[in-house]
Amino acid sequence: MLQTDLTKLLGIQVPIVQGGMQWVGLPKLVAAVSNAGGVITALTQPSPTALRHAIRETRALTDKPFGVNITLLPTITPPDYEGYARAAVEEGVVIFETAGSNPGPLIKFFKSRGCLVIHKCTTIRHAESAEKMGVDILSIDGFECAGYPGEDDIGGLVLLARAAKELKIPYIASGGIADGQGLAAALALGAAGVNMGTRFMCTVESSIHENIKQKIVQSTERDTIHIFRTLHNTTRVFKNKVSMEVVEIEKRPGGAKFEDVRDLVSGERGRLKWRKSRIWSAGITVGLIDDIPTCRELLERMERDAEGIIGRMSSLVIPRVKSKL
Ligand code: NAD
């Protein structure tokens, strides 16, 4: 078994967390992951009351720990963040994943209620300020990630090595991890575990359309693209007709305003057209994913592979032979 600060703090068996994923982080997937740590994505639920139902539904499916994600991003219709937070706390949730801009008030609220907060961020300066706010675990999100990598473009290898030097509290690696090799590498970089999104999208229990799972299996690491670079809300999504159209509009002389792409990108469109052309977040791990396992099969395989790699790594160290000169 792999025992780390993450497994100890969360009371989970495998040092793997399933992160927030809008339209994907639903009870069935969360419960399936929760031998590791699954999180319900709050804003996927249409209201705080619906979130209460999702929490109860998850609890009926698992007796293992799970949490709730709240991500604060530019949005077409601002959600009632406070209402979602209050509903989840009142339902007895004690683990939260926060991400996005200006998370201070949310973190303060969760900490005042004795909850454990995992805060996801893409820079060391944001990690340090969340550390000062009293979060318990940082989720360090490298440029490889799906969704929002921030604007600094620093890959996980350097970001995690920096985290090892600068951070005082436990951190987990996010972005670019989809297998046991990635888990072992993250632990080698001082992380207490990993956070995965895209890999969990492509599991039996994930509710996304089968065609999208097949697309992930067939894809290479070159099949994602960044939209919203020019709007300073960079987002890594799957490369398809719609996302390429967004990027073309952004390249127009004089640039684009959000209104110029709004109809192509809105989450509502995504929900309605899930089967057809839509924008969907995907990390470059699409190039590493070539099957659709159950969450249990995936977690067992990653744990076994990481343990094997760590064992082999330690056999690389042999006693130093003393020179006779
Ligand atoms: P949406 O329909 O409001 O917006 C679609 C996309 O456009 C999103 O990527 C959003 O960030 C972006 N956007 C909206 N207004 C913008 C602006 N003025 N400038 C630049 N970009 C803008 O979003 P949605 O997909 O329906 O998501 C609904 C909620 O879920 C939002 O509040 C969003 O912040 C949140 N979310 C959470 C996660 C997560 O992992 N938990 C991921 C994505 C979105």
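Leaving out neighbours within four places in sequence, Pro-15 is in contact with Leu-2, Thr-4, Leu-6, Thr-7, Leu-183, Ala-192, Gly-193 and Val-194. These contacts come from a predicted model. Pro-15 sits in the loop between α1 (5-10) and β1. The residue counts as buried, because its relative accessibility is 0%. Pro-15 also lies 8.8 Å from Ile-172 in space, C-alpha to C-alpha. In sequence, Pro-15 and Ile-172 are 157 residues apart.

One of the contacts of Pro-15 is Leu-183, and Leu-183 is a buried residue of helix α8. This helix spans residues 180-188. Its buried residues are Gly-180, Gly-182, Leu-183, Ala-184, Ala-186 and Leu-187. An α-helix has 3.6 residues a turn, so residues three or four places apart point the same way. The cover over the buried residues of α8 includes three strands, β1 (16-18), β7 (171-174) and β8 (194-196). Helix α14 (295-314) is also part of that cover. Just after α8, Gly-190 adopts a positive phi of about 90°.

The protein chain is divided into two domains. Domain 1 is made of two segments, 5-208 and 292-314. Domain 2 covers residues 210-272. The C-alpha centres of domain 1 and domain 2 are 23 Å apart. Contact between the domains involves 21 residues of domain 1 and 18 residues of domain 2.

The structure contains one cavity of 30 Å³ or more. The largest cavity encloses about 40 Å³ of space. Its lining is formed by Leu-10, Ile-12, Val-17, Gly-37, Gly-38, Val-39, Pro-65, Phe-66, Gly-67, Ile-95 and Ile-118. Two elements, β2 (37-41) and β3 (66-72), each give two or more residues to this lining. Strand β2 gives the most, with three residues. By residue class, the lining of the largest cavity has eight nonpolar residues and three polar ones. No charged residue is found in that lining.

A charged side chain is considered next. Glu-91 lies in the loop between α4 (81-90) and β4 (95-100). Is Glu-91 buried or exposed? Glu-91 counts as buried, because its relative accessibility is 12%, below the 20% limit for that class. Residues up to four places away in sequence aside, Glu-91 touches Arg-52, Ile-55, Arg-56 and Arg-59. Three arginines are thus named among these contacts, namely Arg-52, Arg-56 and Arg-59.

The cysteines complete the description. The structure holds zero disulfides. Why does Cys-145 not form a bond with Cys-121? The sulfur of Cys-121 is the closest cysteine sulfur to that of Cys-145, yet the two are 11 Å apart, too far for a bond. A disulfide would need the pair of sulfur atoms within 2.5 Å. Cys-145 is buried, with a relative accessible area of 3%. For Cys-202, the closest cysteine sulfur belongs to Cys-295. That sulfur is 11 Å from the sulfur of Cys-202, again too far for a bond. Cys-202 also counts as buried, because its relative accessibility is 0%.

Terms used. Residues are numbered from 1 along each chain as its sequence is written. This is a predicted model: local features need pLDDT of at least 70, side-chain atom pairs count only at pLDDT 80 or more; totals for chains, interfaces and linings use all residues. Side-chain values use heavy atoms; hydrogens and water are left out. Buried means under 20% relative accessible area, exposed over 50%, partly exposed in between (1.4 Å probe, protein chains only). Helices (H or I, at least four residues) and strands (E, at least two) are DSSP runs, numbered from the N terminus. Contact means heavy atoms within 4.5 Å. On a 1 Å grid over the protein atoms alone, a cavity is a set of points where a 1.4 Å probe fits but cannot get out, and a pocket is an open set with protein on both sides within 12 Å along at least five of seven lines; lining residues have an atom within 4 Å of a point. Grid points are joined across faces, edges and corners, and a volume is the space filled by probe spheres set on the points. Ala, Val, Leu, Ile, Met, Phe, Trp, Tyr, Cys and Pro count as nonpolar, Asp, Glu, Lys and Arg as charged, and the others, Gly among them, as polar. Domain bounds come from an automatic or database domain assignment.
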